[in-house]
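Got the viewer open? Let's take a walk through the model, one selection at a time.

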Amino acid sequence: MGKSLINRKMSKNRLIFGGMVLAALVLLPLAVKNAYMLHLFIMAFIGIVLGMTFSMLFSAGLITLGAGAFYAIGAYGSTLLSTRLGLSFWAALPLSTLITGIVALAIGSIIVRHPGMAFTIISLLFAHVVIQAAGQIEFFGGWGGIIGVERPDPLGPIQFTTKTSFYYLILFLLLLTALVFHALYTSRIGRIWRAIKLSPPLAETLGINLYRYRLLAFVIASSAAGMAGSFYAHYFQMITPEAFGGWLSIYIQLYAVLGGLEFYILGPAIGAVIMTFVPEYLRIAKEMEPIITGVFLLVIILFFSGGILGTLQRFWTAKKTSVLSGKEQL
Amino acid sequence: MTTALFIQLVVNGLVKGSTFILIVLGLDIILRGTKILNFAHGQFYMLGAYTLFMFCRLWHVNFLLSLVLSGLALVLVGALSYLSVFGVVQRRFTATTPFTYRLLMSAMASVGLMLILQQGTLIAFGTAERGMPSIFPQIITFGDVRLSLEKILIILFSMFICFGLYLLMYKTKLGLAMRTVSFDPEIASLQGINSFWIFMICFALGSALAGVAGGVIAPVFAVTPTMGTHIIFTAFLVLLVGGIGSYKGAILGGVLVGLALSFGFHFLGGISELFVFVFVIIILIFKPGGILGEVLD
């Protein structure tokens, strides 16, 4: 009885907090008039979606280094649909999400069979090969990429010509993804994923089909990355293979690790925002950036393995228990 | 296709293959011994090439001696990075730590190391390609087949290293200890083996192999800061083809991928990498653990 009361109080607090954050995000463009700042927010939000896809696979016990591949597939799919077939953004976005999902199903049905190291390595190779394919094959625009991707058509009175409109669009997509992911995590599927991550053999004894549920996580997460890619293509109005290669997949993981691995939605959110804004404010020389990222990563792994949220939570519970034990002594 | 061209392509494939074999054996020893997926391995390879370049070109040391020295330098780099990073991460693991978490933490640590080494080299040496004169510029001619002595020596050298590794792994007490630790560190501890030191030795040995591979290849190709990033993808491909955790598989995979890339580049150009990837995926459908490996979780 008492416990449920506490839970209700906590979830009420949580609701209030979430509502405040949401209101701040919705009102943000009114306060921020600087177009570049809005651009950074848009990029951070794309990063959050990508980080959440990494976390979803992590929640099912899979470690991917290929989130960038599906981001690229979504972007290329959407670009080709709109430049070659003349589809509008509003048709290309769901279609390219679907296409990414189908590709993920085809690739995943082979590679999810070997979870563990083989999966991690193949996902990395897949990301590499997707970029190579985009660069080598003329149909995909070659290394020069494709320019002149259409902006989204006006939606009623809303014209997609300013950064503010794109900000609201990506905010909507981000919240949609977060809601769907949250619903999945709190449902039976999410609990099964957690069981698989905790101990695959134990989950199997409970009658869980490991392969099917891992594949489900892979397809859902990859589709979300594809959706982010579609938005990216129409926001930048051009795509090049380099935008999806290089360190991208590594940065995506870094978001999740930095924010807190066990926080599947808030972790990537905090990580992506920090990794987008901190380098901007420090104004580091561009060539020092990878070194600082590397040192940052090592420091987190060596000293704060729970990430920011995990460390805060541990600090918080430690404080609480120390207060309790103090009372007992009295 | 003439016979001469065919032999030339085979030799080129074997030269590529023998560097892959050295790199992948190092990767495999680290993976099997310490369970670390080492993304910084390509950077160790690059560092090997740069140390050889420094010894040989800047300080005019004899080539073979500088090869040994660059191997030793990489032993030091490997041991230090194990002591300062991976050892610390692994000491935190307990018996109940999930496998996913272990894999992610050590892999991410190696990614951090990779970023630092990569960009550090770039800043220290610049983006310019460093060339080295060929050490053995002689050309051997059989009829109309012309082969450079250097390439043949590289193939022989990597066979020599493979044989040495075989002796180390299967004929010495250290090799027995390494194999025991890779089987189960706790059982190894019960036999009085200090797992931590063996982990460190595995890591240092693996790094040294990558360094030697870089050193061997330095006189043939240009030394660039990005050479490590390029090779690591192919190295992982070789690892998958042969099978993770199989030394024979690493050798077979190295030869197969080396030949496939050599013939592919000649007949298809840059797109051959895609075909090799598709080929690997097809192999994995039928042989989930690679050609000679077992499925590892």
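Start by selecting α5(A) together with helix α11 (residues 272-286) of chain B: the two pack at an angle of about 145°, with their axes 9 Å apart. Axes here are lines fitted to C-alpha atoms, for helices over the stretch in contact, and angles run from 0 to 180 degrees between N-to-C directions. The crossing of α5(A) and α11(B) is left-handed (the near helix is turned anticlockwise from the far one by less than a right angle; clockwise would make it right-handed). Now show side chains: A:L125, A:V129, A:Q132, A:A133 and A:Q136 from α5(A) meet B:E273, B:L274 and B:F277 from α11(B). Being in contact means that the C-beta atoms of two residues, placed from the backbone, lie within 7 Å. Sorted by class, that patch has five nonpolar residues, two polar and one charged. Ala, Val, Leu, Ile, Met, Phe, Trp, Tyr, Cys and Pro count as nonpolar, Asp, Glu, Lys and Arg as charged, and the others, Gly among them, as polar.

A word on what you're looking at: this is a predicted model, where local features need pLDDT of at least 70 and side-chain atom pairs count only at pLDDT 80 or more, while totals for chains, interfaces and linings use all residues. Residues are numbered from 1 along each chain as its sequence is written, and chains are lettered from A and ligands numbered from 1 in the order in which they are written. Helices are DSSP runs (H or I, at least four residues), numbered from the N terminus.

Zoom out to both chains. In total, 35 residues of chain A are in contact with 41 residues of chain B. On the chain A side, the elements giving two or more residues are α5 (117-136), α7 (188-198), α10 (248-259) and α12 (289-303). α5(A) supplies the largest share, twelve residues. This side of chain A divides into 21 nonpolar, eleven polar and three charged residues.

Next, pick B:L103, in helix α4 (residues 99-125) of chain B. Buried or exposed, or in between? B:L103 is partly exposed, because 19 other C-beta atoms lie within 10 Å (20 or more would make a residue buried, 12 or fewer exposed). Leaving aside neighbours within four places in sequence, B:L103 touches A:I63, A:G116, A:M117, A:T120 and B:L37.

For contrast, go to B:L209 in helix α8 (residues 195-217) of chain B. This residue counts as buried, with 31 C-beta neighbours inside 10 Å. Beyond four places in sequence, B:L209 touches B:L22, B:L25 and B:G26.

Stay in chain B and select α10, residues 247-267. How many of the 21 residues of α10(B) are buried? The count is 15, so the helix is mostly covered. Just after α10(B), look for B:G269, which takes a positive phi of about 85°.

Last stop: back in chain A, select helix α3 (residues 67-84) and helix α9 (residues 210-236). They pack at about 50° with axes 6 Å apart, and are therefore oblique to each other (angles under 35 degrees are roughly parallel, over 145 roughly antiparallel, 65 to 115 roughly perpendicular, and the rest oblique). The crossing of α3(A) and α9(A) is right-handed. Their contact has eleven nonpolar, nine polar and no charged residues.

Notes:
The expected span of a helix is 1.5 Å times one less than its number of residues.
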